[in-house]
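Please find below a short note, set out in numbered points, to be read beside the sequence and the model. Each point takes up one part of the fold in turn.

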Amino acid sequence: MPIYEYKHTDGFSNDCQEVEEFFHGISAEAYTKCPKCDHAIQRIVSMPAKHAESMKDKMSDKNLSRLGFSKYVKSSDGKYEKASGPADAPSTLDRDAMKQNLDKMGV
Ligand SMILES: [Zn+2]
């Protein structure tokens, strides 16, 4: 379930911060009252900072390498250089060469 950020618009109790995060289904109605303190809240339409931060960590070169993925960065038209990844992964990729290989395989 996705996590949503809500901002209290009409005060909040000691149990809450001004901005709270709650889980609920995508199709569920947005909360209008805080489930914790019952004060009015409004959903903030943005990716919660914690989530954005964790995505950044997950997609970091270091973590991708750890999971065995290679990351390539476009260097020029149709050419990609390895930014991170296993030592046995090719250091460059060439779009045209890959396309020729796929054509040969009949894909
Ligand atoms: Zn609250």
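1. Strands S5 and S6 run antiparallel and are joined by 3 bridges. One position to locate in this pairing is tyrosine 80, which stands opposite leucine 93 in S6. The model under discussion is a predicted one, and the remarks that follow should be read with that in mind.

2. The S5–S6 pair belongs to an open sheet of 3 strands, whose order is S4-S5-S6 and whose pairing is antiparallel. S4 and S6 (92-94) are the edge strands, each pairing on one side only. On average, neighbouring strands in this sheet are turned by 35° against each other, direction ignored.

3. On the other side of the sheet order, S4 pairs with S5 (residues 79-84) in the antiparallel sense, over 5 bridges. Here lysine 74 stands opposite tyrosine 80 of S5; the same tyrosine 80 also stands opposite leucine 93 in S6. The hairpin of S4 and S5 has 2 residues between the strands, and in it glycine 78 takes a positive phi near 80°.

4. Is strand S4 largely buried or in the open? None of the 6 residues of S4 (residues 71-76) is buried, so the strand lies largely in the open. The cut-off matters for this reading: a residue is called buried if 20 or more other C-beta atoms lie within 10 Å of its own.

5. The loop between S5 and S6 contains aspartate 88. This residue is exposed, because it has 6 other C-beta atoms within 10 Å, and a residue counts as exposed at 12 or fewer. From C-alpha to C-alpha, aspartate 88 lies 56 Å from alanine 40, and the two are 48 residues apart in sequence.

6. Helix H3 (residues 95-105) is hardly covered, for 0 of its 11 residues count as buried. Just after H3 comes glycine 106, with a positive phi of about 75°.

7. The chain has another open sheet to examine, formed by 3 strands in the order S2-S1-S3 with antiparallel pairing. S2 (19-23) and S3 stand at its edges with a single partner strand each, so one side of each has no neighbour in the sheet. Neighbouring strands here are turned by 40° against each other on average, direction ignored.

8. Within this sheet, S1 (residues 3-8) and S2 pair in the antiparallel sense over 5 bridges. Two positions illustrate the pairing: tyrosine 4 has phenylalanine 22 in S2 as its bridge partner, and lysine 7 has valine 19 in S2. S1 also pairs with S3 in the antiparallel sense, over 4 bridges. In that pairing, histidine 8 stands opposite isoleucine 41 in S3.

9. How is the chain divided into domains? Domain 1 covers residues 3-55 and domain 2 covers residues 62-105. The centres of the two domains, taken over C-alpha atoms, are separated by 40 Å.

10. Taken as a whole, the chain comprises 3 helices and 6 strands. Along the sequence, these elements follow the pattern β-β-β-α-α-β-β-β-α. The radius of gyration is 23 Å, well over the 13 Å that the globule rule gives for 107 residues, so the chain is more spread out than a compact globule.

11. Further values describe the overall form. Along the principal axes, the C-alpha atoms fill a box of roughly 65 × 30 × 25 Å. Of the 107 residues in the chain, 5% count as buried. Among contacts with a separation of 6 or more, 29% are between residues 24 or more positions apart.

12. Finally, how confident is the prediction, and where is confidence lowest? The mean pLDDT of the chain is 87, and 96% of the residues score at least 70. Confidence is lowest in helix H1 (residues 49-58), with a mean of 77, and highest in strand S3 (residues 41-44), at 93.

Key:
Residues are numbered from 1 along each chain as its sequence is written. This is a predicted model: local features need pLDDT of at least 70, side-chain atom pairs count only at pLDDT 80 or more; totals for chains, interfaces and linings use all residues. Domain bounds come from an automatic or database domain assignment. pLDDT is the predictor's confidence in each residue, from 0 to 100. Two strands pair if DSSP finds at least two bridges between them. Axes are lines fitted to C-alpha atoms, for helices over the stretch in contact, and angles run from 0 to 180 degrees between N-to-C directions. The radius of gyration is taken over C-alpha atoms; the globule rule is 2.2 Å times the number of residues to the power 0.38. Two residues are in contact if their C-beta atoms, placed from the backbone, lie within 7 Å.
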